[in-house]
Amino acid sequence: MKQEEIDRLTSLAGIRPSPVRTLLLRALDESGRPMSSQELGDVLETVNLSSITRTLALFVKVGLVHSVEDGSGAVRYEICYSVGSPHNHNDLHPHFHCVMCGRTFCFDHIAIPEIDIPDGYAPLSINFVIKGRCPECDRRHAMADIKKEYDC
């Protein structure tokens, strides 16, 4: 992610692009998938975990990232590229959590279905997670089954 894009997103969110904020946004963008604060800490070894946690909390508050609860016990975060839009919720999409490797993937090309919520309820977020095996883990699993079948 280029600095111009970071400047644009942070400006739309109403915050300044500090060095830590810039590092976090680049790491989230380059990962191509939602990441937990611990995963970000592993990637950004020079940034302490408390700074990462505080920055992520700010990003969520201003709508720059949204959190994904994938059922693994860790909250993961990804950039809301439509920050500042009145339709920021359009950035929401289903996620896939691999139960074997623990990674979570975005299915940003699939829309979350419209749900008819009764009058009087005001949804603030939608969490749509599919759990299973990612293609890489599914291939490994299939190979292990074949190997077992032919072992005597």
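**Entry 1: burial and overall form**

I began with burial in the protein chain: buried residues make up 34% of its 152 residues. I note at the outset that this is a predicted model. For the accessible surface of the protein chain I recorded about 9700 Å², with 54% of that area belonging to carbon and sulfur atoms. I then took the extent of the C-alpha trace along its principal axes, which is about 65 × 50 × 25 Å.

**Entry 2: secondary structure and contact range**

I looked up the secondary structure and found five helices and six strands. Read from the N terminus, the order of elements is α-α-β-α-α-β-β-β-β-β-α. I next asked what share of the contacts with a separation of 6 or more comes from residues 24 or more positions apart. The share is 52%.

**Entry 3: charges**

I looked up the charged groups of the protein chain, which number 16 positive and 21 negative. Their mean positions, positive against negative, lie 6 Å apart.

**Entry 4: the largest nonpolar core**

I turned to the largest nonpolar core, which holds 20 residues. Which of its members touch the most other members? They are Leu 25, Leu 28, Leu 40, Phe 59 and Leu 64. I traced the core to its elements: helix 1 (3-13), helix 2 (19-31), helix 4 (49-62) and strand 3 (75-79) each supply at least two residues. Helix 2 gives the largest share, namely four residues. As background, I note that nonpolar side chains tend to be buried together in soluble globular proteins.

I followed Phe 59 further. Setting aside residues up to four places away in sequence, Phe 59 touches Ile 15, Arg 21, Leu 24, Leu 25, Leu 64 and Val 65. Leu 25 and Leu 64, both on that list, are also among the core members named above.

**Entry 5: Thr 104**

I selected Thr 104, which lies in strand 5 (residues 104-106). Is Thr 104 buried or exposed? Its relative accessible area is 0%, so Thr 104 is buried. I then examined its side chain for polar contacts. One, of 2.4 Å, joins it to the side chain of Asp 70; another, of 2.9 Å, is made with the side chain of His 97. Not counting residues up to four places away in sequence, Thr 104 touches Arg 33, Pro 34, Val 68, Asp 70, Arg 76, His 95, Phe 96 and His 97.

**Entry 6: His 97**

I moved to the partner of Thr 104 in the 2.9 Å contact. His 97 has its place in strand 4 (residues 95-98). Why does His 97 count as buried? Its relative accessible area is 7%, and buried means under 20%, so His 97 meets the cut-off. The side chain of His 97 also makes a polar contact of 3.2 Å with the side chain of Asp 70. Asp 70 is therefore joined by side-chain polar contacts to both Thr 104 and His 97. Beyond four places in sequence, the contacts of His 97 include Ser 72, Arg 76, Gly 102, Arg 103, Val 129, Ile 130, Lys 131 and Gly 132.

**Entry 7: Val 68**

I looked up Val 68 as another residue touching Thr 104. Val 68 lies in strand 2 (residues 65-69), and its relative accessibility is 2%, so Val 68 counts as buried. Leaving aside neighbours within four places in sequence, Val 68 is in contact with Pro 34, Ala 74, Val 75, Arg 76, Glu 78, His 95 and Thr 104. I also recorded the C-alpha separation of Val 68 and Ser 36: 9.1 Å in space, at 32 residues apart in sequence.

**Entry 8: two partly exposed residues**

I checked Leu 12, which has its place in helix 1. With a relative accessible area of 43%, Leu 12 is partly exposed. The C-alpha atoms of Leu 12 and Ser 82 are 9.2 Å apart, and the two residues are 70 residues apart in sequence.

I closed with Cys 101, in the loop between strand 4 and strand 5. At 33% relative accessibility, Cys 101 counts as partly exposed. What does Cys 101 touch, not counting residues up to four places away in sequence? I found Cys 134 and Cys 137. From Cys 101 to Asn 48 I recorded 25 Å, C-alpha to C-alpha, at 53 residues apart in sequence.

Terms used: Residues numbered from 1 in each chain as written. Predicted model: local features only at pLDDT ≥ 70, side-chain atom pairs only at ≥ 80, totals over all residues. Heavy atoms only, no water. Buried < 20%, exposed > 50% of the residue type's maximum accessible area, 1.4 Å probe, protein only. Polar contact = N/O pair within 3.5 Å; in protein donor to acceptor, adjacent residues only side chain to side chain. Contact = heavy atoms within 4.5 Å. Areas by Shrake-Rupley, 256 points an atom, 1.4 Å probe, with all protein chains shown as cover. Lys, Arg positive; Asp, Glu negative; His and termini not counted. Charge placed at Lys NZ, Arg CZ, Asp CG, Glu CD. Core = buried A, V, L, I, M, F, W, Y, C linked by side-chain atoms within 4.5 Å.
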